[in-house]
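Reader: I have a model open and would like to learn how to read its strands and helices. Where should I start?

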Amino acid sequence: MTKAGKGGLTLLAAALFVACGGAAPEPVTPAEKAPEKVAEAPKPEASGDAAAAGPDAEKAEQCIATANAKRAKFSGEPPKVTVKHILVRFKGTKNADASIKRSREEACLRAMEARDKLREGADFDEMVKEYSEEPGAASRGGSVGEIERAMVVKPFADAAFELAVNQMSDVVETEFGFHLIFRSQ
C-alpha cells in the first residue's frame with residue numbers, strides 16, 4: 001500500500017492510488033527536489049498496417065500531442081487541491097484490466113469525446129459513469145478528493161494544480177491512461 005506523507009492521504013486519494021497501483025513518493029523540500037524525468041506512457045504494439053491510418057489519424061496524433069503537452073509548476077500554487085477525474089485506459093497501461101483492448105490512439109480519442117461532451121454541458125458524474133475505467137469511480141463521481149502534488153504522478157499533478165476552481169483540464173496522459181481532470185476546490 002502507500003505510506004502517508006506529512007499530511008496523510010485522504011480516503012479518496014488513497015482509493016485512487018490503490019485503483020491505479022501508484023504509490024506516493026516521500027515528500028521532499030523544494031531545495032532537495034531534483035528535476036524529474038517524465039515517464040512515457042506505453043506505446044501501442046506495432047501492427048502490419050498502420051493502426052492510426054485513416055481519417056482519425058491526424059485527430060489522434062493531435063490528441064496525443066495535447067495530452068502530453070509540457071506543464072510547469074506555478075509559483076504561488078495552493079498546497080492542496082480537490083479534484084475529480086475521468087480515466088480512459090488502453091492496452092498496456094499500468095494496471096489496465098486484461099479486457100481493455102483499445103489502442104492508445106483510440107483511448108485518446110475516447111477521452112477527447114468525453115471532453116467535448118463536457119464542454120457542451122454534459123454532467124460530469126454521468127460522463128464518469130459512461131467513460132471512466134477506474135474501479136469505483138462511478139460510485140464517487142470520479143472524485144479523487146483533496147490531493148497534494150506529491151500524492152499523484154507528475155503529469156496529473158501538473159495539470160490539476162494549474163487549474164482554477166471549477167475548471168476542467170484538457171486530455172492528460174499518464175502511465176495509467178488518459179485523464180480529464182476537474183478542480184472543484
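Author: We will take one strand with its partners, then one pair of helices. Keep in mind that this is a predicted model.

Reader: Is strand β1 largely enclosed or open, and why?

Author: Go through the strand residue by residue and ask which ones are buried, that is, under 20% relative accessible area. Strand β1 covers residues 80-88, and 8 of its 9 residues are buried, so the rest of the structure largely encloses β1.

Reader: Which strands pair with β1, and in which sense?

Author: Look for bridges between strands. With strand β2, residues 143-148, β1 pairs in the antiparallel sense over 5 bridges. To find the place in the model, go to T82, which stands opposite E146 in β2. Strand β5, residues 177-183, also pairs with β1 in the antiparallel sense, here over 6 bridges. A point to look for there is K84, whose bridge partner in β5 is F182.

Reader: Now the helices. At what angle do α3 and α4 pack?

Author: Compare the N-to-C directions of the two axes. Helix α3 (residues 104-119) and helix α4 (residues 124-131) pack at about 160°, and their axes are 10 Å apart. Angles over 145 degrees count as roughly antiparallel, and α3 and α4 are therefore roughly antiparallel to each other. The crossing of α3 past α4 is right-handed.

Reader: Which residues make the contact?

Author: From α3 they are R110, E113, A114, K117 and L118; from α4 they are F124, M127, E130 and Y131. Sorted by class, the contact of α3 with α4 holds 5 nonpolar and 4 charged residues, and no polar ones.

Conventions. Residues numbered from 1 in each chain as written. Predicted model: local features only at pLDDT ≥ 70, side-chain atom pairs only at ≥ 80, totals over all residues. Heavy atoms only, no water. Buried < 20%, exposed > 50% of the residue type's maximum accessible area, 1.4 Å probe, protein only. Helix = DSSP H or I, 4+ residues; strand = E, 2+ residues; numbered from the N terminus. Pairing = 2+ DSSP bridges. Axes fitted to C-alpha atoms, helices over the stretch in contact; angles between N-to-C directions. Parallel < 35°, antiparallel > 145°, perpendicular 65-115°, else oblique. Left-handed = near helix turned anticlockwise from the far one by under 90°. Contact = heavy atoms within 4.5 Å. Nonpolar A, V, L, I, M, F, W, Y, C, P; charged D, E, K, R; others polar.
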